[in-house]
Structure formats: C-alpha cells, structure tokens
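Please look over the fold shown below before reading on. The report moves from the chain as a whole to its sheets, then to one helix and the cysteines.

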Amino acid sequence: MAFALLTLATPAFAQLLPQHADPDAREILPANQVPAIRFLTTPDFPPFNFRDSNGELIGFNIDLARRICAEVDVACTIQAWPWDQAANALADSQGDALVAGLAMTPENGERFDFSSVYLALPGRFVTAADAIEGFSLPGLSDKRVAVRTGSAHAQFMTRYLPDVEQVGFDSELDALEAVKTGSVDAYFGDAMRAAFWLNDNLACCGFAGDAYFRPDLFGEGLTITVPAGNDPIRHAIDWALVRLEENGALDELYLRWFPVGFY
C-alpha cells in the first residue's frame, strides 16, 4: 500500500499545492486555434463558484478560469448555469469548457473530455488539537474513529485499518461534531469538506497525520470539462495549468480561497 504523504504543521493553515498537471502539456499549445474560451460554471458552490452580495461570480474556479485565459492570451467569458443544466449546456455548445467539478464518471466520459487534475481531494484524519502532535496510525488501535456511513472513506478504513473501531454518522458534519464533543477520538473523511468545518473550529480541532490520495476511492480530483474531441481547448487549458503551477499562480489561488489547507 503506497500513500502520497505530505508534511503538516500545527495548527493546520494552508499549505502549497502538490503538483498535479502533466508537464508534457507545455509542448502542445495549439497555435492560433483558440481565439477565446467560453467557460460555464454554476453559481452556488462556494468557495469554488458562487455569487457575492453584489451578484458577481467569484471563487477559486472563477479566478482559475480567468488566469487560464490570461496565460493563453485569449478572450474569456464566464457564464453561470444551474447545476442540473450545466453539462447539457456544454454538450449543446453553449460554452467551450465547464469549470464546476463535474465527476469523471464513465457516463460523463462518453460525452466529454477532461483536463489535467488541478485540485486533488485527499482523505484526512481530524482530531482534537491536543492529540495532533502524537497522532499515529498504530495509535488508533484502541480509538474510536468517526466516518460518514457508507462513504468511500469508511471503505478505506475497513480495507486498510480493519482493527480500528468505526463509528458511523449520517453526515460529515455530525461526525466532525463528535470529535469536537469528545464522543469519538478522530474523524476520517473528505479533507476539503473538513477544512471548511475547521475554518470555524480551529480552537478545538485540526488535521492530524498525512493526506491520503486514493483516486479509486476518493475520486481523481477536480478537472475542467470540455466537449469530447475539442482537443484545441483541452490542450490550451492543460498548457495553462502547467504554466500556472510553474509560476505559483495555482498556489496563490489555493492560499487565498482555502485559509485552512487540506494537504
């Protein structure tokens, strides 16, 4: 069993991103084939894409789309659609790319292509603040760990830590609150969602141990979706993602939108 391990300071403030984009993409920017990129998104998924109090679209994905267009040096538009209409709008040529977290499922793969991953979503443990420094996987043998019942993270625990007592909850929020109240010793689940909760609970709790990347269980991560066969747009986006990693712009966006880092 091989895990990608990342160092974490205490308390858990934002760290720089791991490298995700394929560096070979820097060689495949199509010359003069992409005059503009029409991005589609959704308006209700903070902090990725949502409307502020003035009705303006903001968020990590919105800033990322604009940075991509700037790197490729093309005109850029961003239009919001309801989630249940966004993928069909892309398929109907209402836009060139969808930046809204559409999953890379086999069904979606029949209709769309996907960029390189720009944000992986690891699993992480959360414990009480005073338990972070001494945390270890062997130390869980006599502990109770909260998970969301039926989740991929519960499957991970069953597969790789079968001797650890799992306590199932209906939601991640309930499981995290159990750590706060002390009714369980730790939580294991989606690190990004846990980071949102920790924004308001750093006095009590924090990430403990390493980040675990298992695409087969936790998903490949966030990508940008393009219509199947639209290689010029996909190549341009991949090329821009490599540039944004190399020049530090992706790290800058991550630090801005995720004050509690989940890596």
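Accessible areas come from the Shrake-Rupley method with a 1.4 Å probe. On that basis the chain, which is a predicted model, exposes about 12,100 Å², and carbon and sulfur atoms supply 49% of this area. Of the 263 residues in the chain, 49% are buried. The secondary structure comes to 9 helices and 13 strands. When contacts between residues at least 6 apart in sequence are considered, 74% of them join residues at least 24 apart.

**The two open sheets**

One open sheet has 3 strands in the order E2-E3-E4, and its pairing is antiparallel. E2 and strand E4 (57-58) are the edge strands of this sheet, each pairing on one side only. Strand E3 (residues 49-51) runs antiparallel to E4 and is joined to E4 by 2 bridges, and Arg51 stands opposite Leu57 in E4.

Another open sheet has 5 strands, ordered E10-E9-E11-E8-E12, with mixed pairing. Its edge strands are strand E10 (165-169) and E12, each of which pairs on one side only. Neighbouring strands of this sheet are turned against each other by 30 degrees on average, direction ignored. Strands of a sheet pair through backbone hydrogen bonds, either parallel or antiparallel. The pairing of E8 with E12 is in the antiparallel sense and extends over 5 bridges, with Phe125 standing opposite Ala208 in E12.

Two helices pack on this sheet. H5 touches E8, strand E9 (144-148), E10, E11 and E12, and the direction of H5 makes about 155 degrees with that of E11. H6 touches E8, E11 and E12, and the direction of H6 makes about 165 degrees with that of E12.

**Helix H6 and the loop after it**

How many of the 8 residues of H6 are buried? Helix H6 (residues 191-198) is mostly covered, with 6 of its 8 residues buried, namely Ala191, Met192, Ala194, Ala195, Trp197 and Leu198. These buried residues pack against strand E2 (44-45), strand E8 (123-128), helix H5 (172-181), strand E11 (186-190) and strand E12 (205-212). The packing of H6 thus includes E2 of the sheet of 3 strands as well as E8, E11 and E12 of the sheet of 5 strands.

At the start of H6, a side-chain oxygen of Asp190 reaches to within 3.3 Å of the backbone nitrogen of Met192. Asn201 has its place in the loop between H6 and E12, and a polar atom of the Asn201 side chain lies 2.8 Å from the backbone oxygen of Trp197. Because its relative accessible area is 7%, and buried means under 20%, Asn201 counts as buried.

**Cysteines**

The structure holds 1 disulfide, formed by Cys204 and Cys205, whose sulfur atoms are 2.3 Å apart. A disulfide is a covalent bond between the sulfur atoms of two cysteines. The link of Cys204 and Cys205 is left-handed, with -95 degrees about the S-S bond. The table lists the relative accessible area of four cysteines.

| Residue | Relative accessible area | Class |
|---|---|---|
| Cys69 | 2% | buried |
| Cys76 | 30% | partly exposed |
| Cys204 | 22% | partly exposed |
| Cys205 | 2% | buried |

Why is Cys204 classed as partly exposed? The class runs from 20% to 50% relative accessible area, so Cys204, at 22%, is partly exposed, whereas Cys205, its partner in the disulfide, is buried at 2%.

Note on methods. Residues are numbered from 1 along each chain as its sequence is written. This is a predicted model: local features need pLDDT of at least 70, side-chain atom pairs count only at pLDDT 80 or more; totals for chains, interfaces and linings use all residues. Side-chain values use heavy atoms; hydrogens and water are left out. Helices (H or I, at least four residues) and strands (E, at least two) are DSSP runs, numbered from the N terminus. Buried means under 20% relative accessible area, exposed over 50%, partly exposed in between (1.4 Å probe, protein chains only). Contact means heavy atoms within 4.5 Å. A polar contact is a pair of N or O atoms within 3.5 Å; within protein, one must be able to donate a hydrogen and the other to accept it, and residues adjacent in sequence count only if both atoms are side-chain atoms. Two strands pair if DSSP finds at least two bridges between them. Axes are lines fitted to C-alpha atoms, for helices over the stretch in contact, and angles run from 0 to 180 degrees between N-to-C directions. A disulfide is a pair of cysteine sulfur atoms within 2.5 Å.
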